[in-house]
Amino acid sequence: MEIDDLRQIDDYRWEIPLGWKDGMRVPGIVFADGELIELASGDRALEQVANVATLPGICGASLAMPDIHRGYGFPIGGVAAFAEDGGVVSPGGVGFDISCGVRLLKTNLTREDVAGGLEDLVAVLAADIPRGLGTRGRIHAPEPVLRKVLEGGARELVGMGYGREEDLAFIESHGVYPDADPARVSEYAMKRGAGQLGTLGSGNHFLEVQAVDRVFDPAVAQAFGLHQGQVTVMIHSGSRGLGHQVCTDYLQVTDHVVKRLGLELPDRQLACAPLDAPEASDYMAAMACACNYALGNRQALTHWTRTSFEKHFGGSERSLGMELLFDVSHNVARMETHLVDGRPRRVCVHRKGATASFPAGHSEVPEVYGAVGQPVLIPGDMGTSSYVLVGGDRSVEESFGSTCHGAGRTMSRSKARKTVRGNELAERLEREGIVVMAGKPSLLAEEAPEAYKDVNRVVDVCEGAGLSRKVARLRPLGVLKG
């Protein structure tokens, strides 16, 4: 798609006009500035926005965040809401890494407290936290245990001794996605998940020791418990092989539904099922299981992060102030109530590479943050910043309560491996004072800073559009990758 095909609405919004592609039911809206829209036009991502606009029951517009890039069916960075009556759910609108998400741990440590022993600290974390492609976890999860995790999420892991009861108040959905049914998860998906509970994974997943290097909104930062110079830990991981298999299984199921109903789709990857069909209910129940697996997975990783800090600093994790700020997913579909054509309607909001971003007072904001708004956690790349945002005042009306989820790729993983040498990247980051430990240099190269958009520009667009506001910026100190 060419830039000339778009209509610029303002400094932060571009419209793909209704009718650009045959069958569009609503326009497309892309949140971007001039540079980011140029990057988005370089692959099929904008065409994918238009494709999504053809799906039955879509409400308002097919939306894309400024970190948009090409994905499976839906673009990564895509948001779309479908009416409960007449709409659909599409596994491609959630993606393969269901409930991939981010959680942030606070500490009462300062940058100076970790500076001298940073390499040792990252080494302790590396020894305690399983990571990498195909790695087995430290939690023995035979089928009866795994089923409980699929139903109980982070709450089940807390019950098993991994973390604190009070953690649950700082996780979306209080750590448990409702309506999960392990009977809707295939035997093969269960098998893939059994050995990976409590693993960081590979690719863009990471654990990062960070420091707050700038506070933008002191009042909200205080409510979140953040301050200048404070050490934090960010964990980015998902549902591992189990979630990938759930998506794979239900793409096949929904493909059969499309053929049975004779639905005409511009892309087979948009396979979907009507929300009132049993196949849609089955997928939503299986997806909730994968979400609970991911929440439980991050809960276990949090527990081992705390014990690693205890080993390194010689004090209890409570004395180190290792409290959870928040945990939020960015690959999920949820039933929510939103105003559509001036009246409240139940809709299935797909957020694929997009994060929920609700303002103060919204019913979806956890009670502990009700007065300020939902925390939004935005990972950058290894060489730049991550951000803590808060839900924007216009997010509900503009984007069904959504904002970006990260920087967004500009370079495929294969191209990054050909462009960047992992060992040289590690040396470069070390010169910048960032300690990196990764399983393979090639995997490190895949996540090089030059493979991503400028996260500062991405979050600025989201703030300019009213989707979220900047609260604090976090600089990497030590990075642990698969």
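Biologist: In this predicted model, which residues form one aromatic cluster together with Phe170 and Phe326?

Modeller: The structure, which is a predicted model, holds 8 aromatic pairs. One of them is edge-to-face, with 5.0 Å from centre to centre and 75° between the planes. The two partners of that pair belong to one cluster with Phe170 and Phe326, and they are Phe224 and Tyr369.

Biologist: How many residues apart in sequence are the parts that Phe224 and Tyr369 tie together?

Modeller: Phe224 is buried at a relative accessible area of 0%, and Tyr369 is buried as well, at 2%. Phe224 belongs to helix α7 (residues 218-224), whereas Tyr369 sits in the loop between β14 (355-356) and β15 (375-378), so their pairing ties together parts whose separation in sequence is 145 residues.

Biologist: Which helix gives the largest share of the largest nonpolar core?

Modeller: In soluble globular proteins, nonpolar side chains tend to be buried together. Here the largest nonpolar core has 66 residues, and Met287 and Phe309 are those with the most contacts inside it. The largest share of this core, 15 residues, comes from the helix that spans residues 278-313, namely α9.

Biologist: Apart from that core lies another one, with Leu6 and Phe400 among its residues; how many residues does this other core have?

Modeller: Leu55 and Ile378 are also among the residues of this other core, which lies apart from the largest one. Its residue count is 58.

Biologist: Leaving aside neighbours within four places in sequence, which residues are in contact with Phe309?

Modeller: Phe309 is one of the two residues with the most contacts inside the largest core. Once its neighbours within four places in sequence are left aside, the residues in contact with Phe309 are Thr107, Leu109, Leu121, Leu125, Val209, Val233, Gly314, Leu320 and Met322.

Biologist: Which residue meets the side chain of Glu279 in a salt bridge?

Modeller: Side chains of opposite charge can pair when their charged atoms come close. Glu279 has its place in helix α9, and, leaving aside neighbours within four places in sequence, Glu279 is in contact with Tyr250, Val253, Val257, Arg260 and Ala273. The salt bridge, at 2.9 Å from N to O, joins Glu279 to Arg260.

Biologist: In that salt bridge, is Arg260 buried or exposed?

Modeller: The bridge ties together parts that are 19 residues apart in sequence, because Arg260 lies in helix α8 (residues 240-261) and Glu279 in helix α9. Glu279 has a relative accessibility of 15% and therefore counts as buried. Arg260, by contrast, has a relative accessible area of 53%, and a value over 50% makes Arg260 exposed.

Biologist: Which residue forms a salt bridge with Arg351?

Modeller: Arg351 is buried, with a relative accessible area of 1%, and its partner is buried with a value of 1% too. Arg351 is in strand β13 (residues 343-352) and the partner in strand β12 (residues 331-340), so that the pair links distant parts of the chain, 15 residues apart. With the closest N and O atoms 2.9 Å apart, the partner of Arg351 is Glu336.

Biologist: How far apart are the closest N and O atoms in the salt bridge between Arg13 and Asp10?

Modeller: Arg13 counts as buried at 5% relative accessibility, whereas Asp10 is partly exposed at 27%. Their bridge is part of a count that comes to 32 salt bridges, and the closest N and O atoms of this pair are separated by 2.5 Å.

Biologist: Why are the buried residues of helix α6 on the same side of α6?

Modeller: The buried residues of helix α6 (residues 187-194) are Ala189, Met190 and Gly193, and what covers them includes α5 (143-159), α8 and α9. The face turned away from this buried side carries the exposed residues Glu187 and Lys191. The buried residues lie on the same side because they cover, around the axis, an arc of only 100°.

Biologist: How many disulfides does the structure hold?

Modeller: Cys291, which is buried at 0% relative accessible area, has its nearest cysteine sulfur in Cys289, 9.2 Å away. Cys348 also counts as buried at 0%, and its sulfur is 10 Å from the closest cysteine sulfur, in Cys59, which is too far for a bond. The number of disulfides in the structure is 0.

Terms used. Residues numbered from 1 in each chain as written. Predicted model: local features only at pLDDT ≥ 70, side-chain atom pairs only at ≥ 80, totals over all residues. Heavy atoms only, no water. Core = buried A, V, L, I, M, F, W, Y, C linked by side-chain atoms within 4.5 Å. Buried < 20%, exposed > 50% of the residue type's maximum accessible area, 1.4 Å probe, protein only. Helix = DSSP H or I, 4+ residues; strand = E, 2+ residues; numbered from the N terminus. Contact = heavy atoms within 4.5 Å. Disulfide = S-S within 2.5 Å. Salt bridge = Lys/Arg side-chain N within 4 Å of Asp/Glu carboxyl O. Arc of directions from axis to C-beta. Phe/Tyr/Trp six-rings, centres within 6.5 Å; stacked < 30°, edge-to-face > 60°.
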